[in-house]
Amino acid sequence: MAELSLTSIRKTFGDATAVETLDLSIANGEFLTLLGPSGCGKTTILRMIAGIAMPDAGEIRIGGRRVDGLPPEGRNVGLVFQSYALFPHMTVAANVGFGLKMRKVPRREAEDRIAAALDLVDLGRFAARYPRELSGGQQQRVALARALVTEPDLLLLDEPLSNLDAKLRDQLREDLRRLQERLRVTTLYVTHDQSEAMALSDRILVMRAGRIVEEGAPEALYRRPRTRFAAEFLGQTNVVRLIRRDGMAMLPWGEAMPDAQSDSAYVSIRPEDIALRPDPHGPGRITACTFLGPTVEYRVELAERSLRVRQTGSGTVLLTEGTGVALSLLVTPHPLAEGMA
Ligand SMILES: Nc1ncnc2c1ncn2[C@@H]1O[C@H](COP(=O)(O)OP(=O)(O)O)[C@@H](O)[C@H]1O
Ligand SMILES: [Mg+2]
């Protein structure tokens, strides 16, 4: 295990810049996630750290040791990709042991380490099977065991759950989290899925078009985003423009912002932070109601805008389209330092 640092790393393909000059560091034992839309440069960063792609500029250090001139096998990183990338003609044990064989680890020691790695991902009894005899989730756990068996300084995971169906994805996400709590291996995780990022990470870096837009711990980033991009990428939100009246900052439905000094123009309000109350004289009107089981999603038309509102709990009465409503906030809305996209 070791810390990772990228300093002024940059990568272009022809005239296209995949990764703008950026710095990034991960503490020893930290689980960091790069979160961003497809094409924003996440995989390119991972490939440069693994040594599969060469940066145009900058330095990469693992545990203080400069590695950007080294071949992949000199870097001691473990890699797991979206596609399981297992050898189909090899058993589970042989797949997991492949890296040990390359490193000429003696057979007895290799057998012990393979067994330990398979136990770690709870696949001990599947050692003699072939990949095709396993579910997608099990195959991805084999890939994880294969990445961990060489005791890497750093674990790199590129969208490892995205090929799995929803149930398996949740299961493996929990497994990954437990494994990380136990092993505390320094991990860089890449995903475009905000719930995965929030469920797994100590810290998230939100990326857009080759740059880091914002970073923070999951809760802080979700509840107090600084940028509109992060606010919207971490989940649904309502970006609302404040109205200034007599030196006061007001929300569009007339409620005053508690911090009247707030001079930001926009606030981010999560749908679950708005309460609705039926009121024929209220300023809002329900224009859509979608029942999703655990939540009910509303569209509320108000002062020529449309807000998303989410209600939870089986006790709530469904409000039908056309119902007039009053709105109130359950938390103080969060001002955005950067309101525009
Ligand atoms: N080998 C390559 N050749 C040319 N362009 C590439 C190559 N790899 C990635 N890119 C481009 O770099 C950008 C970032 O890609 P990538 O790192 O794969 O993004 P992400 O993993 O976030 O989806 C994209 O515009 C992609 O098309
Ligand atoms: Mg990618």
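**Notebook: helices, loops and domains of a predicted model**

I began just after helix H2, where Lys104 takes a positive phi of about 55 degrees. I recorded that helices (H or I, at least four residues) and strands (E, at least two) are DSSP runs numbered from the N terminus. I noted that this is a predicted model, in which local features need pLDDT of at least 70, side-chain atom pairs count only at pLDDT 80 or more, and totals for chains, interfaces and linings use all residues. Residues are numbered from 1 along each chain as its sequence is written, and chains are lettered from A and ligands numbered from 1 in the order in which they are written.

**Entry 1: Lys104 and Asn76**

I located Lys104 in the loop between H2 and H3. Lys104 is not a glycine, yet its phi is positive. I then asked whether Lys104 is buried or exposed. Lys104 counts as exposed because it has 7 C-beta neighbours inside 10 Å. The cut-offs are 20 or more other C-beta atoms within 10 Å for buried, 12 or fewer for exposed, and partly exposed in between, with C-beta atoms placed from the backbone.

I found a positive phi of about 55 degrees at Asn76 as well, although Asn76 is not a glycine. Asn76 belongs to the loop between S5 and S6. Asn76 has 17 C-beta neighbours inside 10 Å and therefore counts as partly exposed.

**Entry 2: Leu70 and the end of H1**

I looked up Leu70, which sits in the loop between strand S5 (65–66) and strand S6 (77–80). Leu70 is partly exposed, since 14 other C-beta atoms lie within 10 Å. I took a contact to be two residues whose C-beta atoms, placed from the backbone, lie within 7 Å. Apart from neighbours within four places in sequence, Leu70 is in contact with Gly51 and Arg75. From Leu70 to Ala50 I read 9.7 Å, C-alpha to C-alpha, for residues 20 apart in sequence.

Gly51 comes just after H1 and takes a positive phi of about 95 degrees. Within helix H1 (residues 42–50), I listed Lys42, Thr44, Ile45, Leu46, Met48 and Ile49 as buried.

**Entry 3: H2 against H4**

I turned to helix H2 (residues 92–102), where the buried residues are Val92, Ala93, Asn95, Val96, Gly97 and Leu100. These buried residues of H2 pack against helix H3 (107–120) and H4.

How do the axes of H2 and H4 cross? They come within 7 Å and cross at roughly 30 degrees. H2 is therefore roughly parallel to H4. For this I used axes fitted to C-alpha atoms, for helices over the stretch in contact, with angles from 0 to 180 degrees between N-to-C directions. Angles under 35 degrees count as roughly parallel, over 145 as roughly antiparallel, 65 to 115 as roughly perpendicular and the rest as oblique.

The crossing of H2 and H4 is right-handed; that is, the near helix is turned clockwise from the far one by less than a right angle, whereas anticlockwise would be left-handed. Val92, Asn95, Val96, Phe98 and Gly99 of H2 make the contact with Val142, Ala145 and Arg146 of H4. By class, these are five nonpolar, two polar and one charged. Nonpolar covers Ala, Val, Leu, Ile, Met, Phe, Trp, Tyr, Cys and Pro; charged covers Asp, Glu, Lys and Arg; the others, Gly among them, are polar.

**Entry 4: H4 against H5**

I next examined helix H4 (residues 136–148) and helix H5 (residues 166–183), whose axes come within 10 Å and cross at roughly 25 degrees. H4 is therefore roughly parallel to H5. The crossing of H4 past H5 is right-handed. I listed Gly136, Gly137, Gln140 and Arg141 on the H4 side, and Leu168, Gln171, Leu172 and Asp175 on the H5 side. This contact has two nonpolar, four polar and two charged residues.

**Entry 5: Gln194**

I found Gln194 in helix H6 (residues 194–200). Gln194 counts as buried because it has 20 C-beta neighbours inside 10 Å. Leaving out residues up to four places away in sequence, Gln194 touches Leu35, Phe233, Leu234 and Gly235. Gln194 and Phe233 are 39 residues apart along the chain, with 7.1 Å between their C-alpha atoms.

**Entry 6: the whole chain**

I closed with the protein chain, which has eight helices and 20 strands. Of its 341 residues, 36% count as buried. The domain assignment gives domain 1 (4–225) and domain 2 (236–336), with bounds from an automatic or database assignment. The C-alpha centres of the two domains lie 40 Å apart.
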